[in-house]
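Visitor: I am new to this structure and would like a close look at a single part of it. Could you take one place on the surface as the starting point and then lead me inwards from there?

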Amino acid sequence: MFQEQSDWLASGRFADLLSARRHAPYLTRHRLAAIDARTRVVAIAFALATLLWIALDVATLRADLWRFLLAARIFAILVLLRLAIVPERETGRLRALTMLGIVLAMPLMIYAISQYLFAGLSHHGAAAINVNLYRALPLLALAGLSIFPLVAGEGIFFALVIAAVVGGIQSGLVGVNTIELLSLLWVFGLVMSVYLIGCAIQLNHMMALAHRASHDALTGALIRQSGVEVLDLHFRLACAQDAPLSVLLLGAGDFKPADGKSGNAARDQALKAIVAKLHALLRQADVVIRWDGEQFVVILANTPLRGARLVVERVMRELLGVRTGAAPFTPFMGLAERQTDGAEDWWQLIALSGNRMQLAKKSGAACCADHEGIIRPG
């Protein structure tokens, strides 16, 4: 059990619960899409609750109070319904969090107005119950955030904003004493802790699902569809920053069964060993994609041709020793680099590395080809 926890922490998954900085593109896309979809659902739910609450105000509050609140409620309902019907498109992080923030702002606005109206007034019976429900609006808004797959940084930001609003209103308008304010903030902190745990559970579950959907079950490398997203992102970033980007296409070759094993079993074990070796040799920022059968694409981010050649030599030396139920195999590779080859898109890098991989395959065992020719293990 302790080993599993250690592996989980070492894998970086815990850090991914704290910040979205290291999230893979496929995880970011799914997470933001989930936030967007759930924001729309919450907006509709808040709009409906806000509408139904009007009847409670009319039945329990004075006419001058509920009429003022009615104007605020109508405004909130229009804003919430507008957010719910915003045309769907590829959602960026800023857009998704802004929409969520606007949804949260509506109950907080009604809360602030109600506390201003109710300050100094005494209520009894059903009116007192209604007034207490208004005081619970920030806690309801905070609890509702637990359905969103937010990282801890985002969750804490929203919680602190809500706490600041509550603290400012309670101390400035209502005039509670220090003990009451601290008690309120303590309860708020407890609710925040529960809500952050809920967000972490949501995000961790999404991370697990996204990992299973985006990674090859046999080798643990990215599947081609997810790899294309990562490759496209790296290429666009490299162009924007005028940075190098190297792509290595590796063909594992033929696997000959040994030790009485079947050909498929030998192939599977060798492919797993290849990817394990690659992950051990490469940096954490580098990406391994199972491109097609026994072919793998390695993305060497921010790596010029000279650095990529050093990686190639190290990979060739290590992979020549891979033997797990199969006879030693001879990897062949093709290397392309964005700036050196003047590639205009990532697909051109794949095409160049593919042509060079075929050249390496024809020229002999355990070699790599780039724009200058053949690279053999030193």
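Guide: Let us begin with Leu51, which is partly exposed, its relative accessible area being 47%. Please keep in mind throughout that the model is a predicted one. Leu51 has its place in helix α3, and together with Leu48 and Leu52 this residue makes a nonpolar surface patch of about 310 Å².

If we follow helix α3, which covers residues 25-60, we come to Thr60. Thr60 has a relative accessibility of 17%, and because buried means under 20%, this residue counts as buried. Setting aside residues up to four places away in sequence, Thr60 touches Ala126, Ala127 and Asn130. With Asn130 there is also a polar contact, made from side chain to side chain at 3.0 Å.

From here we can turn to the interior. Helix α3 is among the elements that give two or more residues to the largest nonpolar core, but a word on that core comes before the list of its contributors. The core holds 46 residues, and those that touch the most other members are Phe118, Leu145, Leu150, Phe158 and Tyr195. Two or more residues come from each of α3, α4 (63-84), α5, α6 (126-135), α7 (137-144), α8 (152-174) and α9 (178-214). Among these elements α5 gives the most, contributing twelve residues.Leu145 gives a view of how this core is joined, for even without its neighbours within four places in sequence, Leu145 is in contact with Leu100, Leu104, Leu150, Phe158, Ile162, Tyr195 and Cys199. Apart from this core there is a second, separate one of 33 residues, which includes Leu17, Ala238, Leu245 and Trp346.

To finish, we may return to helix α5, which spans residues 93-118 and holds Ile102. Ile102 is partly exposed, with a relative accessible area of 31%. Beyond the neighbours within four places in sequence, Ile102 is in contact with Val79 and Leu83. Leu80 lies 22 residues from Ile102 in sequence, and the two are 8.2 Å apart in space, taken from C-alpha to C-alpha.

Technical notes
Residues are numbered from 1 along each chain as its sequence is written. This is a predicted model: local features need pLDDT of at least 70, side-chain atom pairs count only at pLDDT 80 or more; totals for chains, interfaces and linings use all residues. Side-chain values use heavy atoms; hydrogens and water are left out. Helices (H or I, at least four residues) and strands (E, at least two) are DSSP runs, numbered from the N terminus. Buried means under 20% relative accessible area, exposed over 50%, partly exposed in between (1.4 Å probe, protein chains only). Contact means heavy atoms within 4.5 Å. A polar contact is a pair of N or O atoms within 3.5 Å; within protein, one must be able to donate a hydrogen and the other to accept it, and residues adjacent in sequence count only if both atoms are side-chain atoms. Patches are made of residues with over 30% relative accessible area and no salt bridge: like charges are joined within 9 Å, nonpolar side chains (Val, Leu, Ile, Met, Phe, Trp, Tyr) within 5 Å. Accessible areas come from the Shrake-Rupley method with a 1.4 Å probe; for residues, only the protein chains shown count as cover. A salt bridge is a side-chain nitrogen of Lys or Arg within 4 Å of a carboxyl oxygen of Asp or Glu. A nonpolar core is a set of buried Ala, Val, Leu, Ile, Met, Phe, Trp, Tyr and Cys residues joined through side-chain atoms within 4.5 Å.
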